[in-house]
Amino acid sequence: MDDQGRGPDPRPEDGPGSGAPPEFLEESVPRPLPYEGVWRFTAAAVDASVPQARHAVRDLLYRQGVPVSDDLAHGILLIVSELVTNAVRHAAVLSPMLAVEIAVGAEWVRVSVEDGHPYRPTALEADHGRTGGRGLLLVREIAREAGGVCDVEHTAGGGKVIWAALPLKPVRAL
(Lines give C-alpha, C1' and ligand atoms only; values in the text may rest on other atoms or scores of the structure.)
Protein backbone atom coordinates (compact mmCIF):
# COMPACT_ATOMS: atom_id res chain seq x y z
CA MET A 1 0.00 0.00 0.00
CA ASP A 2 1.25 3.45 -0.92
CA ASP A 3 1.98 5.61 2.10
CA GLN A 4 0.37 8.65 0.41
CA GLY A 5 3.55 10.68 0.75
CA ARG A 6 3.80 10.34 4.51
CA GLY A 7 7.11 8.45 4.32
CA PRO A 8 8.32 6.00 6.93
CA ASP A 9 7.14 6.51 10.48
CA PRO A 10 9.29 9.39 11.78
CA ARG A 11 8.34 8.79 15.41
CA PRO A 12 11.35 8.05 17.60
CA GLU A 13 11.25 4.80 19.47
CA ASP A 14 9.78 5.09 22.94
CA GLY A 15 12.52 4.67 25.47
CA PRO A 16 15.41 6.40 27.13
CA GLY A 17 16.47 9.56 25.38
CA SER A 18 13.37 9.95 23.24
CA GLY A 19 12.76 13.32 24.91
CA ALA A 20 8.98 13.36 24.62
CA PRO A 21 6.27 11.66 26.60
CA PRO A 22 4.47 8.85 24.71
CA GLU A 23 1.14 10.72 24.63
CA PHE A 24 2.81 13.65 22.81
CA LEU A 25 4.35 11.30 20.27
CA GLU A 26 0.98 9.65 19.56
CA GLU A 27 -0.70 13.01 18.89
CA SER A 28 2.05 14.58 16.77
CA VAL A 29 2.46 11.88 14.12
CA PRO A 30 -0.18 11.78 11.39
CA ARG A 31 -1.59 8.30 11.06
CA PRO A 32 -3.48 6.97 8.05
CA LEU A 33 -7.21 7.02 8.51
CA PRO A 34 -8.92 3.62 8.43
CA TYR A 35 -10.26 4.24 4.94
CA GLU A 36 -6.98 5.38 3.34
CA GLY A 37 -5.26 3.11 0.86
CA VAL A 38 -4.84 2.06 -2.75
CA TRP A 39 -6.76 -0.79 -4.35
CA ARG A 40 -6.26 -2.07 -7.88
CA PHE A 41 -7.98 -4.79 -9.85
CA THR A 42 -7.87 -5.97 -13.43
CA ALA A 43 -10.69 -6.99 -15.72
CA ALA A 44 -11.17 -8.14 -19.28
CA ALA A 45 -11.97 -5.35 -21.72
CA VAL A 46 -15.53 -6.61 -22.30
CA ASP A 47 -18.97 -5.06 -21.73
CA ALA A 48 -19.62 -7.16 -18.61
CA SER A 49 -16.67 -5.46 -16.90
CA VAL A 50 -18.48 -2.10 -16.75
CA PRO A 51 -21.10 -3.04 -14.12
CA GLN A 52 -18.60 -5.34 -12.38
CA ALA A 53 -16.13 -2.45 -11.96
CA ARG A 54 -18.86 -0.09 -10.78
CA HIS A 55 -20.10 -2.59 -8.20
CA ALA A 56 -16.56 -3.39 -7.03
CA VAL A 57 -15.83 0.32 -6.46
CA ARG A 58 -19.16 0.88 -4.72
CA ASP A 59 -18.54 -2.09 -2.43
CA LEU A 60 -14.97 -0.94 -1.72
CA LEU A 61 -16.07 2.57 -0.72
CA TYR A 62 -18.71 1.10 1.59
CA ARG A 63 -16.49 -1.63 3.06
CA GLN A 64 -13.64 0.80 3.80
CA GLY A 65 -15.98 3.38 5.30
CA VAL A 66 -14.88 6.15 2.94
CA PRO A 67 -16.80 9.29 3.98
CA VAL A 68 -18.45 10.06 0.65
CA SER A 69 -21.73 11.88 0.27
CA ASP A 70 -24.41 10.28 -1.88
CA ASP A 71 -23.73 12.82 -4.64
CA LEU A 72 -19.99 12.15 -4.58
CA ALA A 73 -20.52 8.38 -4.57
CA HIS A 74 -22.81 8.67 -7.61
CA GLY A 75 -20.23 10.85 -9.36
CA ILE A 76 -17.42 8.40 -8.63
CA LEU A 77 -19.48 5.47 -9.90
CA LEU A 78 -20.44 7.36 -13.06
CA ILE A 79 -16.77 8.15 -13.66
CA VAL A 80 -15.86 4.48 -13.24
CA SER A 81 -18.62 3.46 -15.67
CA GLU A 82 -17.56 6.00 -18.29
CA LEU A 83 -13.83 5.25 -18.08
CA VAL A 84 -14.27 1.47 -18.19
CA THR A 85 -16.78 1.81 -21.05
CA ASN A 86 -14.27 3.92 -22.99
CA ALA A 87 -11.53 1.34 -22.44
CA VAL A 88 -13.84 -1.47 -23.57
CA ARG A 89 -15.06 0.38 -26.67
CA HIS A 90 -11.86 2.02 -27.82
CA ALA A 91 -8.89 0.08 -26.46
CA ALA A 92 -9.93 -3.59 -26.36
CA VAL A 93 -8.44 -4.38 -29.77
CA LEU A 94 -4.92 -3.61 -28.55
CA SER A 95 -5.55 -4.05 -24.83
CA PRO A 96 -7.65 -7.08 -23.87
CA MET A 97 -7.21 -6.26 -20.15
CA LEU A 98 -7.74 -3.04 -18.22
CA ALA A 99 -6.94 -2.01 -14.66
CA VAL A 100 -9.08 0.02 -12.29
CA GLU A 101 -7.41 1.72 -9.35
CA ILE A 102 -8.99 3.52 -6.41
CA ALA A 103 -6.68 5.58 -4.20
CA VAL A 104 -8.18 7.20 -1.12
CA GLY A 105 -6.38 9.79 0.96
CA ALA A 106 -7.50 11.72 4.01
CA GLU A 107 -9.21 14.37 1.89
CA TRP A 108 -9.56 12.97 -1.63
CA VAL A 109 -10.39 9.95 -3.76
CA ARG A 110 -8.70 9.19 -7.08
CA VAL A 111 -10.21 6.84 -9.65
CA SER A 112 -8.18 5.68 -12.63
CA VAL A 113 -8.52 3.25 -15.50
CA GLU A 114 -5.46 2.02 -17.35
CA ASP A 115 -5.28 0.22 -20.66
CA GLY A 116 -2.51 -0.74 -23.07
CA HIS A 117 -3.74 1.28 -26.07
CA PRO A 118 -1.46 4.22 -26.94
CA TYR A 119 -4.18 6.58 -28.19
CA ARG A 120 -4.66 9.51 -25.83
CA PRO A 121 -8.30 10.63 -26.03
CA THR A 122 -9.52 14.18 -25.62
CA ALA A 123 -12.85 15.37 -24.27
CA LEU A 124 -15.14 16.04 -27.23
CA GLU A 125 -17.55 18.91 -27.12
CA ALA A 126 -21.21 18.04 -27.45
CA ASP A 127 -22.32 17.13 -30.96
CA HIS A 128 -26.10 17.00 -30.73
CA GLY A 129 -26.30 15.03 -33.98
CA ARG A 130 -24.58 11.91 -32.66
CA THR A 131 -24.91 9.67 -29.68
CA GLY A 132 -21.93 8.72 -27.58
CA GLY A 133 -18.47 10.19 -27.72
CA ARG A 134 -18.87 12.44 -24.71
CA GLY A 135 -17.75 10.14 -21.90
CA LEU A 136 -14.49 11.95 -21.17
CA LEU A 137 -16.29 15.31 -21.30
CA LEU A 138 -18.74 13.98 -18.73
CA VAL A 139 -15.89 12.74 -16.51
CA ARG A 140 -14.17 16.13 -16.75
CA GLU A 141 -17.38 17.98 -15.82
CA ILE A 142 -18.18 15.69 -12.86
CA ALA A 143 -14.66 16.20 -11.54
CA ARG A 144 -14.78 19.97 -12.09
CA GLU A 145 -18.16 20.38 -10.38
CA ALA A 146 -16.89 18.44 -7.36
CA GLY A 147 -13.79 20.66 -7.15
CA GLY A 148 -11.50 17.99 -8.56
CA VAL A 149 -9.43 17.39 -11.67
CA CYS A 150 -8.95 14.75 -14.32
CA ASP A 151 -6.23 13.99 -16.84
CA VAL A 152 -4.85 11.44 -19.27
CA GLU A 153 -1.25 10.25 -18.96
CA HIS A 154 0.92 7.84 -20.90
CA THR A 155 2.23 4.79 -19.07
CA ALA A 156 5.75 3.42 -19.24
CA GLY A 157 4.37 0.39 -21.11
CA GLY A 158 3.03 2.53 -23.97
CA GLY A 159 -0.60 2.63 -22.86
CA LYS A 160 -2.49 5.27 -20.96
CA VAL A 161 -4.15 5.92 -17.64
CA ILE A 162 -7.15 8.22 -17.36
CA TRP A 163 -7.81 9.48 -13.85
CA ALA A 164 -10.05 11.79 -11.86
CA ALA A 165 -9.31 13.04 -8.34
CA LEU A 166 -12.18 14.39 -6.26
CA PRO A 167 -12.19 15.98 -2.80
CA LEU A 168 -14.05 14.06 -0.10
CA LYS A 169 -15.41 17.24 1.39
CA PRO A 170 -17.78 19.43 -0.66
CA VAL A 171 -16.29 22.53 -2.23
CA ARG A 172 -17.79 25.75 -0.85
CA ALA A 173 -19.52 27.94 -3.38
CA LEU A 174 -18.00 31.41 -3.51
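**View 1. Glu 114, a strand residue that sits between covered and open.** Partly exposed means a relative accessible area between the under-20% buried range and the over-50% exposed range. Glu 114 comes out at 24%, so it counts as partly exposed. This is a predicted model, so keep that in mind for every view here. Glu 114 is part of strand S3. Leaving aside neighbours within four places in sequence, Glu 114 is in contact with Arg 40, Leu 98, Ala 99, Thr 155, Lys 160 and Val 161. Gly 159 is 45 residues away from Glu 114 in sequence, yet their C-alpha atoms are 7.4 Å apart in space.

**View 2. Arg 40 and its two glutamates.** Here Arg 40, Glu 101 and Glu 114 are linked in a network of salt bridges. On one side, Glu 114 pairs with Arg 40, with the closest N and O atoms 2.9 Å apart. Glu 114 belongs to strand S3 and Arg 40 to strand S1, so this pair ties together parts that are 74 residues apart in sequence. On the other side, the side chains of Glu 101 and Arg 40 meet at 3.4 Å, N to O. Glu 101 is in strand S2 and Arg 40 in strand S1, so that pair ties together parts 61 residues apart in sequence. What about cover: is Glu 101 buried or exposed? With a relative accessible area of 18%, Glu 101 is buried. Arg 40, at 46% relative accessibility, counts as partly exposed. By the rule used here, the model has six salt bridges.

**View 3. How strands S1, S2 and S3 line up.** S2 takes in residues 97-104, and seven of its eight residues are buried. Strand S1 (residues 37-44) runs antiparallel to S2, and eight bridges join the two. If you want a pair to look for, Phe 41 has Val 100 as its bridge partner in S2. S2 also pairs with S3, again in the antiparallel sense, over seven bridges. There, Ile 102 stands opposite Val 111 in S3. How many residues does the hairpin from S2 to S3 go through? Three residues make that connection. As a rule, side chains in a regular strand alternate between the two faces of the sheet.

**View 4. The largest nonpolar core.** This core has 34 residues, and those touching the most other members are Val 57, Ile 76, Ile 79, Val 84, Leu 98, Val 100 and Ile 102. Helix H2 (49-64), H3, S2, S3, H4 and S5 each supply at least two of its residues. H3 gives the largest share, with nine residues. Pick out Ile 79 and, not counting residues up to four places away in sequence, you'll find it touching Val 111, Val 139, Ile 142, Ala 164 and Leu 166. In soluble globular proteins, nonpolar side chains tend to be buried together.

**View 5. Helix H4, with a covered set of residues and a salt bridge.** Gly 135, Leu 136, Leu 137, Val 139, Ile 142 and Ala 143 are the buried residues of H4. What covers them includes helix H3 (70-91), strand S4 (149-154) and strand S5 (160-167). Elsewhere on the helix, the side chains of Arg 144 and Glu 141 meet in a salt bridge at 2.7 Å, N to O. Arg 144 and Glu 141 are three residues apart in H4, so about one helical turn separates them. Glu 141 has a relative accessible area of 25%, which makes it partly exposed. Just after H4, Gly 147 takes a positive phi of about 90°.

**View 6. His 117 in the loop after S3.** Look for His 117 in the loop between strand S3 (108-115) and helix H4 (135-145). Is this histidine, His 117, buried or exposed? His 117 counts as buried, at 16% relative accessibility. Its side chain reaches the backbone nitrogen of Tyr 119 at 3.0 Å. Further along the chain in both directions, and not counting residues up to four places away in sequence, His 117 touches His 90, Ala 91, Leu 94, Ser 95, Gly 158, Gly 159 and Lys 160.

Definitions and conventions
Residues are numbered from 1 along each chain as its sequence is written. This is a predicted model: local features need pLDDT of at least 70, side-chain atom pairs count only at pLDDT 80 or more; totals for chains, interfaces and linings use all residues. Side-chain values use heavy atoms; hydrogens and water are left out. Helices (H or I, at least four residues) and strands (E, at least two) are DSSP runs, numbered from the N terminus. Buried means under 20% relative accessible area, exposed over 50%, partly exposed in between (1.4 Å probe, protein chains only). A polar contact is a pair of N or O atoms within 3.5 Å; within protein, one must be able to donate a hydrogen and the other to accept it, and residues adjacent in sequence count only if both atoms are side-chain atoms. Contact means heavy atoms within 4.5 Å. Two strands pair if DSSP finds at least two bridges between them. A nonpolar core is a set of buried Ala, Val, Leu, Ile, Met, Phe, Trp, Tyr and Cys residues joined through side-chain atoms within 4.5 Å. A salt bridge is a side-chain nitrogen of Lys or Arg within 4 Å of a carboxyl oxygen of Asp or Glu.
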